[in-house]
Amino acid sequence: MMIQFDSPYQTRQQVEQLFKVSPATIYRWIKEGKFPAPIHLGANMVRWKVSDIEAWILEREKTQFPKQEDIAP
């Protein structure tokens, strides 16, 4: 992965900054099943696992940019 994270968990603000989207977009993606759900660590504390974010990015890359051998002739 080319993105370097300083922690195994990311805040909502860090996710917003990473993808340049609003909080509403993040939560809409989650509701639609298009983005990993956060982990609730406390009453007012949610975090996203970096491994979940990385897996999501890789899956998006695979569906957006399929390898030539994955394309049927």
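**Entry 1. Helix 1 against helix 2**

I began with the first two helices and recorded helix 1 and helix 2 as roughly perpendicular to each other. I note at the outset that the model is a predicted one. The angle I read for the packing of helix 1 (residues 12–19) on helix 2 (residues 23–31) is about 95°, and their axes are 9 Å apart. This angle falls in the range of 65 to 115 degrees, which is why the pair counts as roughly perpendicular. I then listed the residues that make the contact: helix 1 supplies Arg12, Val15 and Glu16, while helix 2 supplies Pro23, Ile26 and Tyr27. I sorted the residues of this contact by class and found 4 nonpolar, 2 charged and no polar.

**Entry 2. The loop between helix 1 and helix 2**

I next looked at Lys20, which sits in the loop between helix 1 and helix 2. Its phi is positive, at about 55°, although Lys20 is not a glycine. I set this against the general expectation that most residues other than glycine have a negative phi. Is Lys20 buried or exposed? I recorded Lys20 as exposed because its relative accessibility is 68%, and the cut-off for exposed is over 50%.

**Entry 3. Overall layout**

I counted 3 helices and 3 strands in the chain. Following the sequence, I wrote the pattern down as β-α-α-β-β-α. The chain has 73 residues, of which buried residues make up 25%. I also looked up the contacts between residues at least 6 apart in sequence, and 46% of them join residues at least 24 apart.

**Entry 4. The sheet**

In what order do the strands lie in the sheet? I found an open sheet of 3 strands in the order 1-3-2, with antiparallel pairing. Strand 1 (9–10) and strand 2 (39–42) are the edge strands, each pairing on one side only.

I took strand 1 with strand 3 (residues 45–49) and noted antiparallel pairing over 2 bridges. Tyr9 has Lys49 of strand 3 as its bridge partner, and Gln10 stands opposite Trp48 in strand 3.

I then took strand 2 with strand 3 and noted antiparallel pairing over 3 bridges. Gly42 has Met45 of strand 3 as its bridge partner, and Ile39 stands opposite Arg47 in strand 3. I traced the link from strand 2 to strand 3 as a hairpin through 2 residues.

**Entry 5. The two faces of strand 3**

I separated the side chains of strand 3 by face, given that in a regular strand the side chains alternate between the two faces of the sheet. Val46 and Trp48 lie on the covered face, whereas Met45, Arg47 and Lys49 lie on the uncovered one. I also looked up helix 3 (residues 50–64), which lies across strand 1 and strand 3 and runs at about 50° to strand 3.

**Entry 6. The nonpolar core**

Which residues form the largest nonpolar core? I listed 11 residues: Val15, Val21, Ile26, Trp29, Ile30, Phe35, Val46, Trp48, Ile53, Trp56 and Ile57. I asked which elements give two or more residues to this core and found helix 2, strand 3 and helix 3. I kept beside this list the general remark that in soluble globular proteins nonpolar side chains tend to be buried together.

**Entry 7. Phe35**

From the core I singled out Phe35, which lies in the loop between helix 2 and strand 2. Phe35 has a relative accessible area of 5% and so is buried, the limit being under 20%. Leaving aside residues up to four places away in sequence, I found that Phe35 touches Val15, Phe19, Ile26, Trp29, Ile30, Trp48 and Trp56. I also looked up Phe35 with Ile57: the two are 22 residues apart in sequence, and their C-alpha atoms are 9.5 Å apart.

**Entry 8. Arg60**

I closed with Arg60, which belongs to helix 3. I recorded Arg60 as partly exposed because its relative accessible area is 41%. How far apart are the C-alpha atoms of Arg60 and Lys34? I noted 9.7 Å between these C-alpha atoms, for residues 26 apart along the chain.

Notes:
Residues numbered from 1 in each chain as written. Predicted model: local features only at pLDDT ≥ 70, side-chain atom pairs only at ≥ 80, totals over all residues. Heavy atoms only, no water. Pairing = 2+ DSSP bridges. Helix = DSSP H or I, 4+ residues; strand = E, 2+ residues; numbered from the N terminus. Contact = heavy atoms within 4.5 Å. Axes fitted to C-alpha atoms, helices over the stretch in contact; angles between N-to-C directions. Parallel < 35°, antiparallel > 145°, perpendicular 65-115°, else oblique. Nonpolar A, V, L, I, M, F, W, Y, C, P; charged D, E, K, R; others polar. Core = buried A, V, L, I, M, F, W, Y, C linked by side-chain atoms within 4.5 Å. Buried < 20%, exposed > 50% of the residue type's maximum accessible area, 1.4 Å probe, protein only.
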